[in-house]
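Subject: Structure for you to look at

Hello,

Here is the structure I promised to pass on. Please open it and keep it in view while you read my notes.

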Amino acid sequence: MSSKLTQKQKETLFRERQNPNFMASSLLDGLQIDLIRLSDEQIAQRLDDLRAHYER
């Protein structure tokens, strides 16, 4: 019997697979993109910076 994933497990799985899927898709289009890993704090800071820039 298979068990269903919790919402947190789904989010974690999505986050783990998002970058590799994007990179594989980009390679199919002939693009080479370097993987960038950011911590949750770095992501939050980047979003705050972008919001501050665009929400003038």
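Below is what turned up, topic by topic. One caution before you start: this is a predicted model.

Salt bridges

A search of the whole structure finds two salt bridges.

Start with Arg15 and Asp40. Their closest N and O atoms are 3.2 Å apart. Arg15 belongs to helix H1, which covers residues 7-28, while Asp40 belongs to helix H2. The two are 25 residues apart in sequence, so this salt bridge ties together separate parts of the chain. How open to the outside are these partners? Arg15 has a relative accessibility of 56%, so Arg15 counts as exposed. Asp40 is exposed too, because its relative accessible area is 52%. The cut-off for "exposed" is over 50%.

Now take Arg51 and Asp48. Their side chains meet in a salt bridge at 3.8 Å, N to O. Here both partners sit in helix H2. They are three residues apart, which is about one turn of the helix. Arg51 has a relative accessible area of 45%, so Arg51 is partly exposed. Asp48 is partly exposed as well, because its relative accessibility is 42%.

A nonpolar patch on the surface

Which residues make the nonpolar surface patch? They are Ile36, Leu38, Ile43, Leu47, Leu50 and Tyr54. The patch has an area of about 600 Å². Pick out Ile43 as an example. Ile43 is in helix H2, which runs over residues 40-54. Its relative accessibility is 37%, so Ile43 counts as partly exposed.

The largest pocket

Why use a probe to look for pockets? Rolling a probe the size of a water molecule over the atoms shows where empty space is left.

The largest pocket has a volume of about 520 Å³. Its lining has 15 residues. Nearest the centre are Asn19, Leu35, Ile36, Arg37 and Leu38. Two of these names should be familiar: Ile36 and Leu38 also belong to the nonpolar patch.

Which elements give two or more residues to the lining of the largest pocket? H1 and H2 do. The largest share comes from H1, with seven residues. What kinds of residue line the pocket? Eight are nonpolar, two are polar and five are charged.

Two distances to check

Try these in your viewer, going from C-alpha to C-alpha.

- Asp48 and Ser25 are 23 residues apart in sequence and 29 Å apart in space. Asp48 is the partner of Arg51 in the salt bridge described above.
- Arg46 and Arg17 are 29 residues apart along the chain, and 21 Å separates their C-alpha atoms. Arg46 is found in helix H2. Its relative accessible area is 48%, so Arg46 is partly exposed.

A suggested order for your viewing

Begin with Arg15 and Asp40, the salt bridge between helix H1 and helix H2. Move on to Arg51 and Asp48 within helix H2. Then colour the six patch residues, from Ile36 to Tyr54. Finish at the largest pocket, with Asn19 among the residues nearest its centre.

Best wishes

How values were computed: Residues numbered from 1 in each chain as written. Predicted model: local features only at pLDDT ≥ 70, side-chain atom pairs only at ≥ 80, totals over all residues. Heavy atoms only, no water. Patch = residues over 30% accessible without salt bridge, like charges linked within 9 Å, V, L, I, M, F, W, Y side chains within 5 Å. Areas by Shrake-Rupley, 256 points an atom, 1.4 Å probe, with all protein chains shown as cover. Salt bridge = Lys/Arg side-chain N within 4 Å of Asp/Glu carboxyl O. Helix = DSSP H or I, 4+ residues; strand = E, 2+ residues; numbered from the N terminus. Buried < 20%, exposed > 50% of the residue type's maximum accessible area, 1.4 Å probe, protein only. 1 Å grid on protein atoms, 1.4 Å probe; cavity = no way out; pocket = protein on both sides within 12 Å on 5 of 7 lines; lining within 4 Å. Points joined across faces, edges and corners; volume = space filled by probe spheres on them. Nonpolar A, V, L, I, M, F, W, Y, C, P; charged D, E, K, R; others polar.
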